[in-house]
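Dear colleague,

Please find below the structure I promised to pass on to you. I suggest that you keep it open beside this message while you read what was found in it.

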Amino acid sequence: MTTYLHRLTPAKVWLGVIPTLWWNDDFINIDIGIPYEQALSEMALAGYVGCGVSHKYPTDPKILRPALELRGLRISEPWVSTYFTIKAMNRHTLESVDAQLDFLEAMEGGSDDPRRADLVVAEFGGAVNPLPVALFPNCPEFSEDQWKHLIEGLHAAGERARARNRRLCYHPHLGTGVMKTEAIHRLMDETDPRLVSMLLDTAHQAAAGVDPLALARKYAHRIKHVHLKDIRAEVVTRIHNEELSFQQGIEAGIFTVPGDGSIETFPEILDALAEADFAGWICVEAEQDPAKANPLQYAKMGREYLRKLLGW
């Protein structure tokens, strides 16, 4: 079998890690008090060169940037929750987009490093993942009017990102209106590829019953950013059977690092991206309770898994 994994070289693919191994950014009670400086040091120690933005980081780029550079790290992405599908939130959402673009310019200004951060967004209008309600039965489904506003809003945000030489990557997310296979296809079909790229999150897609390998093969040329994380299938089953919320699922251990769970197609997923000459950030992630899963240990497990697959 021909593989293209050799194309995923350190010159074009940058391995990052998401801080949710050390604490949770959505449910801030999932936190054992690890300071951000320790988390950054452990990210670097585990072998990563970048990381997502967290609520525990300093918001002042003049403080955060040197803290990252001291450890050889860069920002891989900030997150923007969009609210284009609910009333009176279009302007606020676009202001949040502008604020994150300003932040990135401050973090990267004066640098010619090609490892630029992407802007990651997901529509949270009507989302139930932040709520203490059964996750899967309450997942919203957008009306035709909401779809119209979502596509228009994403195009407006994508134009702002493109004007500042930044890629906007959409993250299909559990508990949102873009969780299921049909919704993901519709979003991709109705958005302009020049303005909206895809973030493939292997675990969010697998937990939702979406085949991440099929998405990787179908949208290989639109996937510009990857969250590589695994699921524990038995916990997904519990969430369905016991009608658990997203937070309860996280606390029960739905997610883990790649290679430690139930997804068996990571080599094929990466191969599909390699064949399409993927270039960008691949970020290991595992939203776990740090009281149960040692963050550094799991960060190193994820990095070692990628080292074996990629050879570096």
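**The surroundings of H204**

Leaving aside residues up to four places away in sequence, H204 touches H171, P172, H173, L174, K229, F246, F255 and E287. Please keep in mind throughout that this is a predicted model. H204 itself lies in helix α6, which covers residues 202-207. Is H204 buried or exposed? Its relative accessible area is 2%, and because anything under 20% counts as buried, H204 is classed as buried.

**The sheet**

The next thing to look for is an open sheet of nine strands, which follow one another in the order β3-β2-β1-β11-β8-β7-β6-β5-β4 and pair in the parallel sense. Which strands form the edges of this sheet? They are β3 (74-77) and β4 (79-82), each of which has a pairing on one side only. On average, and with direction ignored, neighbouring strands of the sheet are turned by 35° against each other.

At the β3 edge, strand β2 (residues 50-52) is joined to β3 by three bridges in the parallel sense, and within this pair C51 stands opposite I75 in β3.

Further along the order is β11, which has pairings that you can follow residue by residue. With β1 it forms a parallel pairing over five bridges, in which G16 is found opposite C283 of β11. With β8 the pairing of β11 is again parallel, over four bridges, and here H227 is the residue opposite C283. Why can β11 be described as largely enclosed by the rest of the structure? The reason is that five of its five residues are buried.

When you look at any of these strands, it may help to remember that side chains in a regular strand alternate between the two faces of the sheet.

**Helices packed on the sheet**

Helix α11 (residues 295-310) packs on the sheet and touches β1 (13-17), β8 (223-228) and β11 (280-284), while its direction makes about 160° with that of β1. Helix α4 also packs on the sheet, where it touches β5 (119-123) and β6 (168-170), and its direction makes about 150° with that of β6.

**Two pairs of helices**

Besides touching the sheet, α4 (residues 144-163) packs against helix α5 (residues 181-190), at an angle of about 50° and with the axes 10 Å apart. The two helices are therefore oblique to each other, and α4 passes α5 in a right-handed crossing. On the α4 side the contact is made by E144, W147, L150, I151, L154 and H155, and on the α5 side by A183, R186, L187 and E190. Sorted by class, the residues of this contact are six nonpolar, one polar and three charged.

The other pair consists of helix α2 (residues 61-69) and helix α3 (residues 90-108), whose axes come within 9 Å and cross at roughly 50°. That angle makes α2 oblique to α3, and their crossing is right-handed. In this contact P61, L64, R65 and L68 of α2 meet F103, A106, M107 and E108 of α3, which by class gives six nonpolar, no polar and two charged residues.

With best wishes

Conventions: Residues numbered from 1 in each chain as written. Predicted model: local features only at pLDDT ≥ 70, side-chain atom pairs only at ≥ 80, totals over all residues. Heavy atoms only, no water. Axes fitted to C-alpha atoms, helices over the stretch in contact; angles between N-to-C directions. Parallel < 35°, antiparallel > 145°, perpendicular 65-115°, else oblique. Left-handed = near helix turned anticlockwise from the far one by under 90°. Contact = heavy atoms within 4.5 Å. Nonpolar A, V, L, I, M, F, W, Y, C, P; charged D, E, K, R; others polar. Pairing = 2+ DSSP bridges. Buried < 20%, exposed > 50% of the residue type's maximum accessible area, 1.4 Å probe, protein only.
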